[in-house]
Amino acid sequence: MSRPSVAIVSPAVASANNGNWQTARRWQEFLDGTCNVRMTQRWPDDGSQDDVVMLALHARRSADSIEAWASVHGDRGLAVVLTGTDLYQDIVVDPRARHSLELAGQLVVLQDLGAEALPPALRGKTRVIYQSTPSQAAASKPDTVLQALMVGHLREVKSPQTLFQAARLLAGHDDIRIDHIGEALDPVLGEQALATQRDCPNYRWLGALPHDGTRERIRCAHLLVHASAMEGGAHVIMEAVCSGTPVLASRIPGNVGMLGADYAGYFTHGDAAALAALLVRCRQGQAASGDVPADPLLARLGAQCALRAPLFAPEAERAALLRLVADLM
């Protein structure tokens with residue numbers, strides 16, 4: 001029996017190396033053994049005459065492809081995968097993004113709370129597929145300093161200003177160090193990062209780094225800081241969780257949907273003082289003495305993340321993806 005032809009539509013290109021691209025590439029790898037699968041930025045394209053399933057990432061940016069598919073196939077075989085921009089911005093203000101939701105046979109969100117952003121009438125055709133990453137053994141980490149790491153290109157939605165402000169609040173704490181990985185997509189934020197690095201010896205902006213090197217720095221950090229204003233389901237969170245590195249995260253739906261409602265490492269989005277206080281508490285958990293009792297927060301975060309790690313296993317994502325494709329056919 002011939003294998004079904006599946007198109008994955010992703011507006012992101014390989015050079016972007018962002019979450020959309022990584023998801024599309026990983027899904028192509030998962031489906032390669034059972035389907036004839038290709039990635040494209042726009043449908044129809046060469047080979048599209050044989051397609052029986054289309055997986056479209058991004059309701060607004062893939063709207064032309066979604067409409068083209070629906071004009072030929074209706075909702076049969078069509079799934080739309082919703083990003084954070086879709087859920088928490090575009091479907092509120094963009095009619096074409098909302099129309100993409102209506103046209104889809106299935107909607108996919110990437111974390112537990114994603115469906116709550118959708119109109120109630122559409123939630124019945126919505127499923128959660130957690131993204132995944134291979135697990136790595138936790139690194140041996142010194143207890144003489146607390147090493148925090150933030151990963152994300154410098155742009156407004158990632159809220160790097162919160163980290164800059166927290167670094168300034170902690171400038172007198174030589175035992176709390178903050179590294180920051182990401183390209184300055186917003187030049188103004190790049191200037192702010194340089195200014196923070198100049199004024200705060202405990203903060204380093206490392207710029208853009210290759211993925212493998214970034215993943216190793218995540219594994220070796222005591223904490224990942226994720227301060228975003230909006231997320232659909234951040235890759236970097238699952239990479240930290242699956243590397244034995246707990247997370248301090250802004251309390252937004254995309255992060256709560258990844259880490260769970262009872263997670264102890266949240267701070268209000270934009271609240272640099274709250275982030276700094278959490279970092280101090282985690283450091284106190286390392287540096288307990290006879291005069292200063294240990295704060296169990298860092299250990300508690302590690303235990304909570306370990307319980308979430310199986311959600312982000314590659315075999316779980318592959319099984320969920322194969323179920324989706326089977327249902328679409």
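A residue counts as buried when its relative accessible area is under 20%. That cut-off applies directly to H58 in this predicted model: H58 has a relative accessible area of 4% and is therefore buried. H58 lies in the loop between strand β3 and helix α2, the latter spanning residues 63-73. The backbone of H58 also deserves attention, since its phi is positive, at about 90 degrees, although H58 is not a glycine.

A second residue shares this pair of features. S159, which is not a glycine either, has a positive phi near 55 degrees. Its place is the loop between β7 (146-151) and α5. With a relative accessible area of 4%, S159 is buried. A further backbone feature concerns P44, which is found in the loop between β2 (36-40) and β3 (51-57). The peptide bond that leads from W43 to P44 is cis, and its omega is near 5 degrees.

These local features belong to a chain with twelve helices and twelve strands. Taken along the principal axes, the C-alpha atoms of the chain fill a box of roughly 70 × 40 × 35 Å. For 329 residues, a compact globule would have a radius of gyration near 20 Å, and the value of 21 Å for the chain agrees with this. Of the 329 residues, 54% are buried. The contacts also show how the chain is connected: among those between residues at least 6 apart in sequence, 70% join residues at least 24 apart.

Helix α3, residues 84-93, offers a view of the buried part of the chain. In α3, the residues G84, D86, L87, D90 and I91 are buried. The elements that cover these buried residues include β4 (78-81), α4 (95-103) and β5 (106-109).

One of these covering elements, α4, packs against α3 at an angle. The axes of α3 and α4 come within 5 Å and cross at roughly 110 degrees. Angles of 65 to 115 degrees count as roughly perpendicular, and α3 and α4 are therefore roughly perpendicular to each other. On the side of α3, the contact is made by D90, I91, V92 and V93, while α4 contributes P95, A97, R98 and L101. By class, this contact of α3 with α4 holds six nonpolar residues, two charged residues and no polar ones. D90 and I91 thus appear in both descriptions: they are buried in α3, and they take part in the contact with α4.

The loop between α4 and β5 contains A104. A104 has a relative accessible area of 2% and is therefore buried. Leaving aside residues up to four places away in sequence, A104 touches D75, L78, V80 and K125. The C-alpha atom of A104 is also separated by 7.8 Å from that of I66, although the two residues are 38 residues apart along the chain.

Helix α5 follows the loop that holds S159, and α5 packs against two other helices, α10 and α6. The axes of α5 (residues 160-169) and α10 (residues 272-286) come within 8 Å and cross at roughly 55 degrees. That angle makes α5 oblique to α10. The crossing of α5 past α10 is right-handed. The residues in contact are T162, L163, Q165, A166 and L169 from α5, together with A272, A273, L275 and A276 from α10. Seven of the residues in this contact of α5 with α10 are nonpolar and two are polar, with no charged residue.

The second partner is α6, residues 187-199, which packs with α5 at an angle of about 15 degrees, the axes being 10 Å apart. Angles under 35 degrees count as roughly parallel, and the angle therefore makes α5 roughly parallel to α6. The crossing of α5 and α6 is left-handed. From α5, the contact is made by P160, Q161, F164, A167 and R168, and from α6 by L189, Q192, A193, A195, T196 and D199. This contact of α5 with α6 comprises six nonpolar, three polar and two charged residues. Helix α5 is thus oblique to α10 and roughly parallel to α6, with a right-handed crossing at α10 and a left-handed crossing at α6.

Note on methods:
Residues numbered from 1 in each chain as written. Predicted model: local features only at pLDDT ≥ 70, side-chain atom pairs only at ≥ 80, totals over all residues. Heavy atoms only, no water. Axes fitted to C-alpha atoms, helices over the stretch in contact; angles between N-to-C directions. Helix = DSSP H or I, 4+ residues; strand = E, 2+ residues; numbered from the N terminus. Parallel < 35°, antiparallel > 145°, perpendicular 65-115°, else oblique. Left-handed = near helix turned anticlockwise from the far one by under 90°. Contact = heavy atoms within 4.5 Å. Nonpolar A, V, L, I, M, F, W, Y, C, P; charged D, E, K, R; others polar. Rg over C-alpha atoms; globule rule 2.2 N^0.38 Å. Buried < 20%, exposed > 50% of the residue type's maximum accessible area, 1.4 Å probe, protein only.
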